[in-house]
Amino acid sequence: MKNNSIKTLVRENILQLQPYISFRDQNEFSSPVILDANESPFGECNRYPDSTQKKLKSRLAEFKNVLPSQIAIGNGSDELIDLIIKIFCEPKKDAILMMNPSFAMYGFYAAINENRVLKLDLDENFEIVKDNFLKVADDSSLKIFFLCSPNNPTGNSVDDIEFYLQNFNGIVVVDEAYIEFSGRKSGIELLNKYPNLIVLQTFSKAWGIAGARVGMAYASEEIISLINTVKAPYNVNVLSQELILKTLEKEGRLQENLSRILQERTWMKQHFEGIACITKVFPTDANFFLIKMENIDAVYTRMLGEEILTSRRDPAIPGCIRINVGNREENEKLINLLKSI
Ligand SMILES: *Cc1c(COP(=O)(O)O)cnc(C)c1O
């Protein structure tokens, strides 16, 4: 960031808000009589969740070597994307910047908030063209740059994150939904150097807990406190908070998941070679492949006929399908079918 302070980037109405924190979550009680929130005294899961997600944050803080006050937790990182746009982008006035192609949700939430979306077309290797970025970086209506690394749906990581942090006058969100598959360093290590940085991570991909809907934002205390102010107080339910805490206690769980997926990724890559309808397999740092096909219509229809679901990316990315790494049985079905075409 060149000159702005964070405050000058925040919408005026957001700066005026007081966070809603339930009295119960602000204080310590030993065995309270709980008659303050109109819950039922009976039943399982009858109480509202901890709106401050204290236990979860303290465990994650240890795990990621940050302060609990540098963590916001969302109903998936999707919710955090939505909230970040609402905090910094004035409807009908401000805009977001994103890579193209990249994760569609940035544009989706920007559209809901009536913000323009400026897309930076990636080059033939799906890299950002720095000169094109510099041409727009000073536009003061651009409040957020969403950098997706590794990028969905292209699979490659963004190099030189610091270049964008240094040359953009707004907030830089580094979406690391797939970082664990890449073996690269997380942007979290740069938090103390760049006040305009937000790093998003999630339990949905490498951790294998998409159903619980839990995502994290790591940023400066100032930004985190803004996110905590605008979020729905009970945005992460009791069952999900408990499940994530339990999972974090299982030593080695992530590593186990990860090595299985990476092993399958290697297996798939080997078997893609020599398949006639595949013209290119793009390099991947994630748990999916972007694959260029000959006769994509026919191939996709054949796969669908066998109830093999994949994600068509054409015509935005001509001839391309995104296929994620499954278990061995699923991967074998896919490979056998592709071989038969
Ligand atoms: C899957 C994905 C997410 C994760 O979203 P959740 O809401 O946490 O499940 C975020 N960003 C990108 C780029 C993704 O592909």
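A residue is called buried here when its relative accessible area is under 20%, and exposed when that area is over 50%. With that in hand, welcome to a tour of this predicted model.

**Figure 1. The whole protein, with 51% of its 341 residues counting as buried.** Start with the full chain, which is built from 14 helices and eleven strands. The C-alpha trace spans about 65 × 50 × 35 Å along its principal axes. The radius of gyration is 22 Å, which agrees with the value near 20 Å for a compact globule of 341 residues. Look also at who touches whom: of the contacts between residues at least 6 apart in sequence, 69% join residues at least 24 apart.

**Figure 2. The surface and the charges of the protein.** About 17,100 Å² is exposed, and carbon and sulfur atoms supply 49% of this area. The charged side chains number 39 positive and 45 negative, and the centres of these two sets lie 1 Å apart.

**Figure 3. Arg11, a buried residue between two helices.** Find Arg11 in the loop that runs from helix 1 (6-9) to helix 2 (12-15). Its relative accessibility is 13%, so Arg11 counts as buried, the limit being under 20%. Which residues does Arg11 contact, leaving aside its neighbours within four places in sequence? They are Lys86, Ile87, Phe88, Cys89, Glu90, Pro91 and Asn113.

**Figure 4. Lys92, a residue with positive phi in a loop.** Here you can follow the loop between helix 5 (76-88) and strand 2 (95-100), where Lys92 lies. Lys92 is not a glycine, yet its phi is positive, at about 65 degrees. Is Lys92 buried or exposed? Its relative accessibility is 67%, so Lys92 counts as exposed.

**Figure 5. Two cis peptide bonds, with Pro150 and Pro153 in the loop between strand 4 and helix 8.** Strand 4 covers residues 142-148 and helix 8 covers 161-167, with Pro150 in the loop between them. The peptide bond leading from Ser149 to Pro150 is cis, and its omega is near -5 degrees. Pro153 has its place in the loop between strand 4 and helix 8 as well. Asn152 and Pro153 are joined by a cis peptide bond, with omega about 15 degrees.

**Figure 6. Asn295, in the loop between strand 9 and helix 13.** To find this spot, look between strand 9 (288-293) and helix 13 (296-305). Asn295 has a positive phi of about 50 degrees, although it is not a glycine. At 59% relative accessibility, Asn295 passes the limit of over 50% and therefore counts as exposed.

**Figure 7. An open sheet of four strands in the order 8-9-11-10.** The pairing in this sheet is antiparallel. Which strands stand at the edges? They are strand 8 (278-281) and strand 10 (311-312); each has a single partner strand, so one side of each is left without a neighbour in the sheet.

**Figure 8. A closer look at strand 10 and strand 11, which pair over two bridges.** Strand 11 takes in residues 320-324, and its pairing with strand 10 is in the antiparallel sense. To trace one of the partners, begin at Ser311 and cross to strand 11, where its bridge partner is Arg322.

Technical notes
Residues numbered from 1 in each chain as written. Predicted model: local features only at pLDDT ≥ 70, side-chain atom pairs only at ≥ 80, totals over all residues. Heavy atoms only, no water. Rg over C-alpha atoms; globule rule 2.2 N^0.38 Å. Buried < 20%, exposed > 50% of the residue type's maximum accessible area, 1.4 Å probe, protein only. Contact = heavy atoms within 4.5 Å. Areas by Shrake-Rupley, 256 points an atom, 1.4 Å probe, with all protein chains shown as cover. Lys, Arg positive; Asp, Glu negative; His and termini not counted. Charge placed at Lys NZ, Arg CZ, Asp CG, Glu CD. Pairing = 2+ DSSP bridges.
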